[in-house]
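Reader: Please show me the model, and then explain some of the terms used to describe it.

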Amino acid sequence: MTDNSLIEWLLDSDVSIQYQVWRDLLKVDRPDLKERISEEGWGARLLSLRNDNGHWGSGFYLPKWISSHYTLLDLKNLSISNRQKDIKLTLNKILNENKSPDGGLSPVRSLSKSDVCVNGMFLNYASYFGADENDLKSLVDCLIHSQMNDGGFNCQSNRKGVIHSSLHSTLSVIEGISGYSKNGYRYRLEELKKAEKESIEFILEHKLYQSHRTGKTIENKMLMLSYPSRWRYDILRALDFFQSAGIGFDNRMTDALDVLIGKRRSDKTWPLQARHNGLIHFDMEQPGKASRWNTLRALRVLKHFG
């Protein structure tokens, strides 16, 4: 494909991808496309699957990928309008029913302690959809208290006594912090920004996917390009966060960028390499084939880093 035909291929897609191509690659704001995300395509389809009980799936976190939690994260990542009344009702329901004694959110009510990774993801989409700041304060308190000595976060830190942060949890939390800041929230913001900065350094110390002790790849799945990413970390998701947060190039990103460039196919697209097992609402794309989501995200990463 030529550059023009690649853009045309991307635009021949769901309206959510069209909107982000115009916004991120062509640098043109298209509010008309953003409004259409709730009316057609994947966004409208996800909205239609909300149940009469106010949840997607059977509750906040069950069944996992079709639960309210991951559906709301998907809707946020589609760039759907943040003025959806039903979404706000579901957010309030979660905040009223799923808080743990520690102030965070538990995937299951029987757990007495919250999940750090879930807290970060919830802060991400709850901030986007305009949750009341007072309702988020205990969540913010919990996240700040959960930061580990190495600068990152780990979903097991408040339950199993782990001593090293997880790239999965760390990225989920800083995505949440970034969303919280971008959407105008101010409670303990400077402390959150400090935690975000230290977490970014934690990721860079690992060159995005390598052991800080041995230099070996931590997990091969971190090099596989998936979408939706769910809770799982991979290099494209991390690099896409860096570009969205306006973080400049660091030499420690080089290996991950080289891996990403090496995955580009001869037709200039990137494939969908992985799909996370579990019950889903529907497939947006097929594994093994050219992926508009991964191509869009890779192009905006390379555009950002020159």
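Author: What follows is a short exchange on one helix pair and one loop residue in this predicted model.

Reader: Why is α12 called oblique to α13?

Author: Helix α12 (residues 254–262) and helix α13 (residues 292–305) pack at an angle of about 135°. Roughly perpendicular covers 65 to 115 degrees, roughly antiparallel begins over 145, and the rest in that range is oblique. The angle of about 135° therefore makes α12 oblique to α13. Their axes are 11 Å apart, and the crossing is left-handed.

Reader: Which residues make the contact between α12 and α13?

Author: Helix α12 contributes Leu 257, Leu 260 and Ile 261, while α13 contributes Ala 298, Val 301, Leu 302 and Phe 305.

Reader: How do these contact residues divide into nonpolar, polar and charged?

Author: Seven are nonpolar, with no polar and no charged residues in the contact. Ala, Val, Leu, Ile and Phe are among the types that count as nonpolar.

Reader: Why does Asn 154 count as buried?

Author: Its relative accessibility is 10%, and buried means under 20%. Asn 154 therefore counts as buried. The residue sits in the loop between α8 (133–146) and α9 (167–182).

Reader: What does the side chain of Asn 154 reach at 2.8 Å?

Author: That partner is the backbone nitrogen of Gln 156. In addition, a polar atom of the Asn 154 side chain lies 2.9 Å from the backbone oxygen of His 164. The cut-off for a polar contact is 3.5 Å.

Reader: Which residues does Asn 154 touch, not counting those up to four places away in sequence?

Author: Asn 154 touches Val 116, Met 148, Val 162, His 164, Ser 165, Ser 166 and Ser 169.

Conventions
Residues numbered from 1 in each chain as written. Predicted model: local features only at pLDDT ≥ 70, side-chain atom pairs only at ≥ 80, totals over all residues. Heavy atoms only, no water. Axes fitted to C-alpha atoms, helices over the stretch in contact; angles between N-to-C directions. Helix = DSSP H or I, 4+ residues; strand = E, 2+ residues; numbered from the N terminus. Parallel < 35°, antiparallel > 145°, perpendicular 65-115°, else oblique. Left-handed = near helix turned anticlockwise from the far one by under 90°. Contact = heavy atoms within 4.5 Å. Buried < 20%, exposed > 50% of the residue type's maximum accessible area, 1.4 Å probe, protein only. Polar contact = N/O pair within 3.5 Å; in protein donor to acceptor, adjacent residues only side chain to side chain.
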